[in-house]
Amino acid sequence: MAPVPLVAITKLEHRTDSPFVPVAAPRVTWVTETVTRDWRQAWVELEADGRVVRLEGDASALVPWPFPPLAAGEERTLRVRVGGTDGSTSDWSAPRAVAAGFLPPESWASVPLVGLPAPERIGQPALLRTEFDVHGRVLRAVLHATAHGVSQVEVNGAGVDDATLAPGWTSYQWRVIEDATDVTALLRPGRNAIGVELAAGWYSEAYGFGADARPFYGEQPSAALQLVIRYADGRSETVTTGPGWRAMADGPVRAAGIYSGQHEDARRAMPGWSSPGFDDGSWAPVVVGDPVVPVPRSAPPVRTVAELPVAAAVVAPSGATILDFGQNLAGRVRISASLPAGTTITLRHAEIVHDGELDRASQRGAAATDVYTADGGSFVWEPRFTFHGFRYASVEGWPGDVPAEAFTAVAVSSDLEPIGGLRTSHPLVDRLHEAIVWSTRSNFVSLPTDCPQRDERLGWTGDISMFAPTATALFDVDGFLASWLADVAIEQRAIGGTVPFLVPDVSRMAVSPTAAWGDAATIVPWTLYERYGDVGVLDAQYASMTSWVDLLERLAGENRLWEGGFQFADWLDPTAPADAPTDAKADKELVATAFLFRSADIVARAAAVLGRDEDAARYRRLAEEVRAAFGREYVSPSGRLVSDAQTAYALAIVFGLAPDEERRLAMGRRLAKLVRVNGYRIGTGFVGTPFVLEALAVTGQWAAATRLLTATECPSWLYPITMGATTTWEAWDALRPDGSPSPASTSFNHYAFGAVADWLHRGLAGLGPGEPGYRVLSIAPVPLPGFDHAEARLRTPYGPAVVGWRRNGERVRVSAVVPPNSCAHVRLPDGSPGFEVGSGEHEWTVTVPLPAPRPPMALSLRSTLGDIIEDEAAYATVLEVFERHAPHAAERLRTRTHWDDAVPLAVEFFILPAAVQRAIDDDLAAASAVR
């Protein structure tokens with residue numbers, strides 16, 4: 001008899017953390033566990049409240065709802081069981097509640113937003129409350145709440161959930177989120193009360209810089225809610241916001257802003273304010289605004305995702321105590337202590353410390369300051385209506401010595417489920433990967449942002465366009481990014497098809513079509529389809545995708561080249577001047593045309609998936625016309641690009657723009673040479689960095705890929721790690737080798753350059769999607785020389801997958817775990833033909849020759865630059881000798897040398913005095929003698 005599989009429902013639509021679903025017909029995902037190899041599902045039965053539907057076939061991820069749609073407020077209990085092609089049958093899964101997390105849109109038509117009646121200043125915090133009666137036994141009570149601003153709701157003195165900064169940031173003028181929460185356990189017979197703490201949040205934040213900063217959406221926060229109570233006898237009652245609510249501004253939260261921080265005076269606390277019977281006469285009728293029709297939440301809310309104790313504490317020259325939490329993060333500081341009444345504690349936050357003090361330059365105009373005044377006795381306080389990007393916090397106003405144990409860093413993020421991991425034999429690469437994870441957490445607070453610390457924290461489209469593949473390898477971001485894409489489509493329609501630089505767009509900037517940034521409209525939904533098999537997001541975004549490509553087609557005209565217009569280009573290429581980050585080495589129009597091809601190609605593929613055959617043919621023709629135009633304009637017969645830059649070759653290779661295989665390989669060789677003559681330092685900005693390692697690997701330039709990945713000099717991926725970074729930086733040189741910050745005041749917590757992690761998973765370790773949603777895995781490891789092992793893990797829609805390899809000399813053992821109900825295409829690193837395997841554990845051993853070891857070279861001023869850079873030990877020796885005798889020349893050697901094969905060291909530094917040259921030559925000879 002076949003072993004009995006175990007089956008479990010893992011996701012309802014996009015949610016794993018809640019029974020509430022945002023649609024009437026939620027898609028269902030389940031995972032089967034079994035020890036049977038090559039197990040395939042033959043059929044599934046789904047049961048909802050006694051009704052069973054049988055579906056034939058092996059579909060198990062995002063399966064369409066097979067029952068009548070859920071009515072608003074309806075709840076059902078769902079179970080599944082599966083049968084395998086081997087004749088096995090599982091038991092029924094554990095029951096999973098499925099509840100409609102939405103109300104009829106028309107029910108919101110009479111539910112107004114309410115707020116403070118006479119605010120004294122912009123974004124003034126408020127308390128709102130009402131009371132109501134419960135008559136009878138409550139079967140179910142669900143709170144549906146939204147806000148223009150951020151809010152926390154209490155029922156009878158208790159918080160309704162563990163979310164924070166709810167409902168989050170969307171394009172408020174068109175779309176706001178509603179949260180559904182089961183509050184049945186909080187109600188009691190008789191009199192009850194609802195209280196809402198309300199702050200400005202993103203809604204009334206002042207966007208812009210300096211004197212230009214002002215609110216974009218509105219000046220005052222407000223909230224709307226419906227509490228739907230269903231009684232055991234069949235009756236139903238609804239409590240809503242309206243004229244009967246009361247408000248006051250004299251609560252403990254005196255001020256709160258996303259950028260500025262929160263000021264709270266605990267002496268103004270009002271115990272019981274959200275309980276029945278509390279109204280001391282100081283409350284006034286609310287101001288009643290217009291109704292708003294929210295959309296149900298489709299992604300997890302912001303929650304606490306980690307808590308960190310103080311790692312070290314020092315007293316700064318200014319006298320403030322500086323707490324180091326050991327990790328850069330987005331969040332706030334919690335204080336647990338006992339202080340005399342009236343004691344005021346001030347917390348200031350920063351990403352780095354310089355010259356013994358907080359260096360707050362990277363925050364620009366964000367005050368990032370929290371102030372708490374104690375009411376006497378013990379307390380636990382954490383600001384709830386703000387967040388900061390920080391590793392360090394200074395404490396002022398504490399009576400006596402500051403006890404480090406009283407402080408905890410609380411990291412907040414959209415509560416996305418971690419699904420992927422990576423381990424390698426290179427400790428710095430592993431630390432880089434962990435830094436990328438933390439930068440993702442820090443910048444996925446309600447929506448994908450550029451940084452968490454300064455007066456920006458905006459949804460830059462180019463950043464997530466490049467980073468989305470990496471995000472999908474680390475976290476379950478399907479619903480999170482699908483929600484943001486809904487705003488992309490709305491904002492895009494509002495300006496006639498152009499994708500704004502920011503979503504939500506609060507910039508008030510003039511906008512024009514811009515490559516990579518605007519291409520988020522195609523790249524992000526296609527990435528979600530590739531990684532999760534989410535056809536629904538393609539369907540939802542199809543109009544947005546085609547609108548963008550149609551606009552580009554008109555711009556390109558008959559020659560099919562994207563020429564002219566503003567471009568961010570390869571933003572923050574390390575050679576670009578600090579005051580001109582768009583002045584990259586890669587030609588702007590080449591980059592733009594490459595992305596025109598990429599988006600046209602994506603839309604052609606998306607149209608085919610959706611069964612839009614005529615569209616698929618049309619966009620395929622467009623893509624091929626752009627490819628041909630790119631080849632005519634930018635590719636020489638030898639494979640050389642007219643823009644001889646790392647990013648240009650990386651895009652051409654990975655996007656498939658080489659006219660033929662011969663020139664593709666020639667491009668790879670040229671890219672490897674560019675990397676080498678640059679001293680194996682990175683030469684790419686935002687748009688080239690995600691692709692440069694893949695371009696080297698797929699063209700066989702493994703040695704160059706190794707040196708580029710493992711370089712530690714600036715600019716490189718590992719340089720920040722050697723400088724103590726715990727998150728990835730916005731600029732390659734955000735911190736200089738001497739420990740001083742770059743004058744550009746860039747962020748130390750920015751995920752864009754962390755986009756390399758996608759290739760670390762797919763390439764170095766070898767775990768990628770062979771078909772959308774990992775229905776078929778791609779097992780194709782690239783065991784780079786210099787690495788002894790690597791392993792990637794991913795919880796796919798079909799279950800956990802693992803791919804790894806380990807080297808023993810020239811023998812490489814590749815191992816894999818393929819989840820049940822899926823299979824894998826395998827390409828082993830010895831170049832043998834690919835093959836297919838089914839589910840289960842697998843292992844193969846192949847021979848992968850290593851580069852022949854270089855014999856120690858005799859060093860002298862006659863040594864060529866090319867020979868020196870190829871030998872890491874020789875380079876280190878030369879650098880050490882130069883630092884001893886000519887420090888200024890050593891700095892030039894490190895940062896500005898073009899490592900050409902034919903140039904001797906003596907020629908490169910002919911300007912050095914003869915005596916210095918002799919001393920260098922003597923020391924090189926002495927070093928060679930002992931090598």
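## Strands, helices and backbone exceptions in a predicted model

Strand β27 (residues 321–339) and β34 run antiparallel and are joined by five bridges. Strands here are DSSP E runs of at least two residues, helices are H or I runs of at least four, and both are numbered from the N terminus. Two strands count as paired if DSSP finds at least two bridges between them.

This is a predicted model: local features need pLDDT of at least 70, side-chain atom pairs count only at pLDDT 80 or more, and totals for chains, interfaces and linings use all residues. Residues are numbered from 1 along each chain as its sequence is written, and side-chain values use heavy atoms, with hydrogens and water left out.

**Strand β34 and its partners**

In the pairing with β27, G331 stands opposite A411 of β34. Strand β25 (residues 302–309) also pairs with β34, in the antiparallel sense, over seven bridges. There, E307 has V410 of β34 as its bridge partner. β34 spans residues 407–414 and is mostly covered, with eight of its eight residues buried. Buried means under 20% relative accessible area, exposed over 50%, and partly exposed in between (1.4 Å probe, protein chains only).

**The five-stranded sheet**

An open sheet holds five strands in the order β2-β7-β6-β4-β5, with mixed pairing. Its edge strands are β2 (20–21) and β5 (51–56), each pairing on one side only. Within the sheet, β4 (residues 41–48) and β6 (residues 75–84) run antiparallel, joined by seven bridges. A48 stands opposite L78 in β6.

S93 lies in the loop between β6 and β7 (96–100). Is S93 buried or exposed? At 3% relative accessibility, S93 is buried. Leaving aside residues up to four places away in sequence, S93 touches V7, A8, I9, R79 and V80. Contact means heavy atoms within 4.5 Å.

**Helix packing**

Two packed helices are described by the angle between their axes and the distance between the axes. The axes of α15 (residues 872–885) and α18 (residues 914–929) come within 10 Å and cross at roughly 145 degrees. Axes are lines fitted to C-alpha atoms, for helices over the stretch in contact, and angles run from 0 to 180 degrees between N-to-C directions. The crossing of α15 past α18 is right-handed. A crossing is right-handed if the near helix is turned clockwise from the far one by less than a right angle, and left-handed if anticlockwise.

From α15, the contact uses T877, V878, V881, F882, R884 and H885; from α18, it uses V916, A919, I920, D923, L924 and A927. By type, the contact residues are eight nonpolar, two polar and two charged. Ala, Val, Leu, Ile, Met, Phe, Trp, Tyr, Cys and Pro count as nonpolar, Asp, Glu, Lys and Arg as charged, and the others, Gly among them, as polar.

Helix α13 (residues 757–765) is mostly covered: eight of its nine residues are buried. Those buried are A757, D758, W759, L760, H761, G763, L764 and A765. G766 follows α13 and has a positive phi, near 100 degrees.

**Aromatic residues**

The whole structure contains 39 aromatic pairs. Rings of Phe, Tyr and Trp (its six-membered ring) pair if their centres lie within 6.5 Å; planes under 30 degrees apart are stacked, over 60 edge-to-face, and the rest tilted. W526 and Y529 form a tilted pair, 5.0 Å centre to centre with 45 degrees between the planes. Where do these two sit in helix α4 (residues 520–532)? W526 and Y529 are three residues apart in α4, which means they are separated by about one helical turn. An α-helix has 3.6 residues a turn, so residues three or four places apart point the same way. W526 is buried at 8% relative accessible area, and Y529 is buried at 11%.

One aromatic cluster is formed by W460, F501, W517, F566, F568, W571, F686, W717, W732 and F753.

**Backbone exceptions**

Most residues other than glycine have a negative phi, and most peptide bonds are trans. The table lists departures from both patterns.

| Site | Backbone value | Loop |
|---|---|---|
| A166 to P167 | cis, omega near 0 degrees | P167: between β12 (158–159) and β13 (177–182) |
| C714 to P715 | cis, omega near 0 degrees | P715: between α11 (702–710) and α12 (719–722) |
| A368 | phi near 45 degrees | between β30 (357–359) and β31 (369–373) |
| S446 | phi near 80 degrees | between β36 (444–445) and β37 (447–448) |

A368 is also buried, with a relative accessible area of 1%.
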